[in-house]
Amino acid sequence: MDHGLPLLRVEAIEQGVVNRDLGRHAPRLRLSTDNRRLDGWNPHPGSTDRTLTPGTAAPSIGVRNARYELLVVVNGQSEREKMLADNEINRVLVVTAHPDDADFGAAGTVALFVDRGVEVTYLLVTDGDAGGNERTLDNTGMAELRRTEQTAAAKAVGVTDVRFLGHADGTVVPSLALRKDIARVIRQVRPDLVITHHPERNYQFIAPSHPDHRAVGGSTLDAVYPDARNPYAFPELVKEEGLAAWTVREVWLMGGSTPNHWTDITEAIDRKLTALQSHVSQVAHVEGFADFVKTRFASWAEQAGFGEGHYAEAFQTVTTA
Ligand SMILES: [Zn+2]
């Protein structure tokens, strides 16, 4: 379907109909209701063939009860993005490299998923055995401690299904073995949505680009497409383990430099903080940790246009259906 060239970067939209002065900033509209994405929206007739430029007023956005399409502009190129509606997300798999990664990147979003009955599974590629501060434990002891911490952190946001692949911390590389391990769990869990690390280096902010994160993000995307959905990839998964092929329809990437989707996690910020503070070996020594967390996620909310006193997590969404 040709929508013309709606050079409108839609990052989010407000409840109902909004008419917003875009000011000097890049065009931005916001849609959120009770921290949830709406079932659907469509641009008001007449707005889709209009080129919006910074400084022009936003068109009216009518929210309708239909699957929605986002027409976005990234780096000046228009691109259509179809996102799953709330009621299409019933199972979520979060794949991360280390204990605490899911809690930094997505625990608020996860808490809100759990609130509305979504089943969430955490899959950790390593036990974080090379982490910690001024530690006395050896790597085996640290692995055991960090599994316990991650299990507690998951519980703080209502997640009880936590799985560990046991790869060695700091040594993860994209590999067929890792792809197979992740594809196996995708076929077991059969998620609608997978959340994982962004596989590309973020040059604006180095912390999310740990080599293990990039390896896990890349291998997870490879496991989503093509491995998990192709019954002839790793055929032993079917023959020996009875795991049928499964197509994940959407992936959200954490830690990238080009986010296009923000979750308003204001309602869940306390639970996110509790989850993060469950990683005692990682954060107990960090002075002002709670303030640091709040400041960081408030800045995402500001970027998303959620307003004062809000907190947000940011993702780049990828349609993988
Ligand atoms: Zn990590």
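**Entry 1: the cover of α3**

I looked up what lies over the buried residues of α3, and the cover includes α1 (101–105), β6 (119–126), β7 (161–167), α7 (269–277) and α8 (280–283). I note at the outset that the model is a predicted one.

I then listed the buried residues of α3 themselves: M142, A143, L145, R146, E149, Q150, A153, A154 and A156. For the spacing I recalled that an α-helix has 3.6 residues a turn, so residues three or four places apart point the same way. I read M142, L145, E149 and A153, which are among the buried residues, with that in mind.

For the geometry of the helix, I found that α3 covers residues 139–156, 18 residues in total. From its first C-alpha to its last α3 reaches 25 Å, close to the 26 Å expected at 1.5 Å a residue. I also checked the backbone just after α3, where G158 has a positive phi of about 85°.

**Entry 2: the strands β5, β6 and β7**

Since β6 and β7 both appear in the cover of α3, I turned to their pairing. I found β6 mostly covered, with seven of its eight residues buried.

On one pairing, β6 runs parallel to strand β5 (residues 91–96), and six bridges join the two. Within that pairing I located V94 opposite Y122 in β6. On the other pairing, β6 and β7 are also parallel, over five bridges. Here I recorded F164 in β7 as the bridge partner of L124.

**Entry 3: α4 against α5**

I next examined the packing of helix α4 (residues 176–189) on helix α5 (residues 211–227). Their axes are 8 Å apart and make an angle of about 60°. I noted the hand of this crossing as right-handed.

Which residues of α4 and α5 meet? From α4 I listed L178, R179, I182, A183 and I186. Their counterparts in α5 are S219, T220, D222, A223, V224 and D227. Sorting the residues of this contact by character, I recorded six nonpolar, two polar and three charged.

**Entry 4: the chain as a whole**

Finally I took the totals. The protein chain holds nine helices and eleven strands. Of its 321 residues, 44% count as buried. I also looked up the contacts between residues at least 6 apart in sequence, and 74% of these join residues at least 24 apart. The contact of α3 with α7 (269–277) and α8 (280–283), noted in my opening entry, is one case of elements set apart in numbering.

Notes. Residues are numbered from 1 along each chain as its sequence is written. This is a predicted model: local features need pLDDT of at least 70, side-chain atom pairs count only at pLDDT 80 or more; totals for chains, interfaces and linings use all residues. Helices (H or I, at least four residues) and strands (E, at least two) are DSSP runs, numbered from the N terminus. The expected span of a helix is 1.5 Å times one less than its number of residues. A residue is buried if 20 or more other C-beta atoms lie within 10 Å of its own, exposed if 12 or fewer, and partly exposed in between; C-beta atoms are placed from the backbone. Two residues are in contact if their C-beta atoms, placed from the backbone, lie within 7 Å. Axes are lines fitted to C-alpha atoms, for helices over the stretch in contact, and angles run from 0 to 180 degrees between N-to-C directions. A crossing is left-handed if the near helix is turned anticlockwise from the far one by less than a right angle, and right-handed if clockwise. Ala, Val, Leu, Ile, Met, Phe, Trp, Tyr, Cys and Pro count as nonpolar, Asp, Glu, Lys and Arg as charged, and the others, Gly among them, as polar. Two strands pair if DSSP finds at least two bridges between them.
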